[in-house]
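Q: Can we go through the charged side chains in this one? I'd like to start with how well they are covered.

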Amino acid sequence: MRKYHPVLIGFALVFVFINAQAQTPNSAKRFFEHGQKNFAGGNLEAAFEDYSRAIEISSRLDARGNSATDPLSAANEFNSRSALDHVNVIDPFTAIAYTNRGVVRYRQHFIDDAMADFNAAIRISPRLAAAYVGRGFIYRIKGDFDSAGADFDRAISIDPRLAEAYTGRADVRIEKGDPGGALSDLDRALAIKPTSAETHALLGYVRLQKNELDSAIASFDRALELNPRLASAYHGRGSTRVKRGEFDLAIADFTRALELNPDLPLSYMNRGLALILQGKDALAQKDFERSVALKPGLSAELNKRIELAKKLRVPGP
């Protein structure tokens with residue numbers, strides 16, 4: 001498991017803006033457009049409802065569904081869990097709506113629902129690269145790096161200009177011990193999309209693992225210039241600053257990461273270790289307790305790191 005990099009739940013997935021098929025009903029197009037606007041405005045629940053309506057209108061329920069003549073009346077039952085069982089698609093546009101709804105569910109942390117939507121999109125349109133990218137990120141979160149890598153490979157084979165696919169594959173390659181391949185993918189991603197904060201942040205993690213601390217700081221700084229609310233970049237920069245002995249700055253970075261996302265166990269752990277290195281054991285213990293509460297499996301690793309940090313701590317006055 002990577003030492004420094006927290007799971008990037010907020011990682012930006014590709015968000016598909018494709019014109020609807022000519023046969024798509026205008027009402028489906030309107031719901032789809034409303035979904036885009038609500039997503040852009042951060043109203044994820046409304047975006048979910050809009051995409052669900054677009055899916056319903058551009059599809060038809062089969063005999064196993066509850067309403068073959070009025071799909072809108074089945075809105076409460078037509079969700080990502082039932083999608084594969086209850087829909088016969090008549091419009092490829094539906095795959096795009098499923099993909100975007102999957103992105104919404106991913107952002108809401110409904111990971112299994114997001115997976116179901118990406119699976120539905122791929123079943124409908126097997127060459128929709130964005131759906132493979134979305135599913136790849138879900139596999140990555142679940143720890144299935146082989147399946148994630150295969151999906152990113154597939155997305156790249158379909159659309160070699162999809163920057164998010166290279167970034168996702170780079171992340172998988174880091175997990176599988178291939179930093180060289182990861183750097184190659186990150187270079188490709190940044191050549192396509194140089195303003196991706198997430199890609200710059202991931203580059204920072206690769207440089208941190210290679211102990212290229214100044215370059216890592218530069219990458220995290222660039223990520224935060226592009227997105228000042230990217231918690232993973234603050235975490236990465238804080239981890240780098242710990243290695244440089246800049247404990248106050250590191251603690252400030254971990255604190256900011258946790259302000260943006262209070263569910264990062266590694267940020268609590270690393271902030272606690274920085275406090276231990278400063279001799280502030282009581283404050284550190286509170287962070288360790290929060291870290292283990294969020295991720296009980298960290299306990300054994302945490303104890304080893306606490307022992308090491310105490311041996312390396314700054315001597316008191």
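Q: Arg 140 first: buried or exposed?
A: Arg 140 is buried, because its relative accessibility is 6% and the cut-off for buried is under 20%. Bear in mind that this is a predicted model.

Q: Which side chain does Arg 140 meet in a salt bridge?
A: Glu 175, with an N to O distance of 3.4 Å.

Q: Where do the two sit in the chain?
A: Glu 175 is in helix 8, residues 163–175, and Arg 140 is in helix 6. They are 35 residues apart, so the pair links distant parts of the chain.

Q: And how accessible is Glu 175?
A: Glu 175 has a relative accessible area of 23%, so it counts as partly exposed. Arg 140, at 6%, is the buried partner of that pair.

Q: What does Asp 151 form a salt bridge with?
A: Asp 151 pairs with Arg 135, and their closest N and O atoms are 2.7 Å apart. This pair also links distant parts of the chain: Asp 151 belongs to helix 7 (residues 145–158) and Arg 135 to helix 6 (residues 129–142), with their positions 16 residues apart.

Q: Buried or exposed, those two?
A: Both Asp 151 and Arg 135 are buried.

Q: Switching to helix 16. What is the spacing of Arg 305 and Glu 301 there?
A: They are four residues apart in helix 16 (residues 299–312), about one turn of the helix. A salt bridge connects Arg 305 to Glu 301, with 2.8 Å between the closest N and O atoms.

Q: How do they compare on accessible area, buried or partly exposed?
A: Arg 305 has a relative accessible area of 18%, so it is buried. Glu 301 has 35% and is therefore partly exposed.

Q: Which residues are joined into one network by salt bridges that share partners?
A: Asp 214, Asp 221, Arg 237, Arg 241, Arg 244, Glu 246 and Asp 253.

Q: How many salt bridges does the structure hold?
A: 23.

Q: Last topic, Arg 101. Where is it?
A: Arg 101 is in helix 4, which runs over residues 93–107. Its relative accessible area is 0%, so Arg 101 is buried.

Q: What joins the side chains of Arg 101 and Asp 117?
A: A polar contact of 2.9 Å.

How values were computed:
Residues numbered from 1 in each chain as written. Predicted model: local features only at pLDDT ≥ 70, side-chain atom pairs only at ≥ 80, totals over all residues. Heavy atoms only, no water. Salt bridge = Lys/Arg side-chain N within 4 Å of Asp/Glu carboxyl O. Buried < 20%, exposed > 50% of the residue type's maximum accessible area, 1.4 Å probe, protein only. Polar contact = N/O pair within 3.5 Å; in protein donor to acceptor, adjacent residues only side chain to side chain.
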